[in-house]
Amino acid sequence: EKVLEHLAVQLKPGGFLFIADFSPLQGGPLSRLLQWMYYMFAIQGCRLLAGNCVHPVYDYRTGLNEVGLDLVQESPCHFFSVGPAWYWTLVARKRR
């Protein structure tokens with residue numbers, strides 16, 4: 001993705017990129033449906049309030065290597081420590 005590539009160019013070698021975003025859909029059909037509904041509610045609200053584009057949930061892990069970044073840490077964020085990971089944080093480091 002162009003945004004990820006642009007961010008990687010801005011980093012010095014050894015620099016870190018922190019990403020916090022919606023987690024890709026995971027789990028069984030009900031879990032995936034609930035995640036999708038939650039995401040669509042949030043993204044449509046942002047579209048109505050701020051004019052943001054509607055887009056799919058990104059899986060940043062797939063593009064990190066292509067832009068010279070290595071995944072250092074991946075942390076799922078659960079509500080009340082149950083259910084699917086609604087959000088996640090990723091830490092990537094630019095290769096030296």
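The chain of this predicted model has a secondary structure of 3 helices and 3 strands. Read from the N terminus, these elements follow the order α-β-α-α-β-β. The C-alpha trace spans about 40 × 30 × 20 Å along its principal axes. Of the 96 residues in the chain, 29% are buried. Among contacts with a separation of 6 or more, 58% are between residues 24 or more positions apart.

**Sheet and packing helices**

The 3 strands form an open sheet in the order β1-β3-β2, and the pairing is antiparallel. Strands β1 and β2 (69–79) are the edge strands, each of them pairing on one side only. From one strand to the next, the twist averages 20°. In general, the strands of a sheet pair through backbone hydrogen bonds, in either a parallel or an antiparallel manner.

Between β2 and β3 the antiparallel pairing extends over 9 bridges. Two positions illustrate the register: Pro76 has Trp88 of β3 as its bridge partner, and Ser75 stands opposite Thr89 in β3. The hairpin of β2 and β3 has 2 residues between the strands, and in this hairpin Phe80 takes a positive phi near 55°.

Two helices are described here by their packing on the sheet. Helix α1 touches β1, β2 and β3, and its direction makes about 155° with that of β1. Helix α2 (residues 29–50) also packs on the sheet, with β1, β2 and β3 all touched; the angle between its direction and that of β3 is about 70°.

**Nonpolar core**

The largest nonpolar core has 11 residues, namely Leu4, Ala8, Leu11, Leu17, Ile19, Tyr60, Leu64, Leu69, Trp88, Leu90 and Ala92. Two or more residues are given to this core by each of α1 (2–10), β1 (16–22) and β3 (82–94). Strand β3 gives the most, with 3 residues. Nonpolar side chains in soluble globular proteins tend to be buried together.

Leu90 is one of the core residues. With neighbours within four places in sequence left aside, Leu90 is in contact with Leu17, Phe18, Ile19, Tyr60, Arg61, Leu71, Gln73 and Glu74. Leu17, Ile19 and Tyr60, which are among these contacts, also belong to the core. Trp88 likewise appears in two settings, as a member of the core and as the bridge partner of Pro76.

**Aromatic pairs**

The model contains 7 aromatic pairs. In one of them, Phe22 and Tyr39 have ring centres 4.9 Å apart and planes at 85°; the pair is therefore edge-to-face. Phe22 belongs to strand β1 and Tyr39 to helix α2, so that the pair links distant parts of the chain, 17 residues apart. Phe22 counts as buried because its relative accessibility is 15%, below the 20% limit. Tyr39, at 5% relative accessibility, counts as buried as well.

A second pair consists of Tyr38 and Tyr87, whose ring centres are 6.1 Å apart; with the planes at 85°, this pair too is edge-to-face. Here the link runs from Tyr38 in helix α2 to Tyr87 in strand β3, 49 residues apart. Tyr38 is partly exposed at 29% relative accessibility, and Tyr87 is partly exposed at 28%. Phe22, Tyr38, Tyr39, Trp86 and Tyr87 form one aromatic cluster.

The two pairs are set out below.

| Pair | Distance between ring centres | Angle between planes |
|---|---|---|
| Phe22 and Tyr39 | 4.9 Å | 85° |
| Tyr38 and Tyr87 | 6.1 Å | 85° |

**Two polar residues of helix α2**

Ser31 lies in helix α2 and is buried, with a relative accessible area of 17%. Not counting its neighbours within four places in sequence, Ser31 is in contact with Gln26 and Pro84.

Arg47 also has its place in helix α2, but it is partly exposed, with a relative accessible area of 37%. The side chains of Arg47 and Gln44 are joined by a polar contact of 2.8 Å. Leaving out residues up to four places away in sequence, Arg47 touches Asn52 and Val54.

Technical notes: Residues are numbered from 1 along each chain as its sequence is written. This is a predicted model: local features need pLDDT of at least 70, side-chain atom pairs count only at pLDDT 80 or more; totals for chains, interfaces and linings use all residues. Side-chain values use heavy atoms; hydrogens and water are left out. A nonpolar core is a set of buried Ala, Val, Leu, Ile, Met, Phe, Trp, Tyr and Cys residues joined through side-chain atoms within 4.5 Å. Buried means under 20% relative accessible area, exposed over 50%, partly exposed in between (1.4 Å probe, protein chains only). Helices (H or I, at least four residues) and strands (E, at least two) are DSSP runs, numbered from the N terminus. Contact means heavy atoms within 4.5 Å. Two strands pair if DSSP finds at least two bridges between them. Axes are lines fitted to C-alpha atoms, for helices over the stretch in contact, and angles run from 0 to 180 degrees between N-to-C directions. Rings of Phe, Tyr and Trp (its six-membered ring) pair if their centres lie within 6.5 Å; planes under 30 degrees apart count as stacked, over 60 as edge-to-face and the rest as tilted. A polar contact is a pair of N or O atoms within 3.5 Å; within protein, one must be able to donate a hydrogen and the other to accept it, and residues adjacent in sequence count only if both atoms are side-chain atoms.
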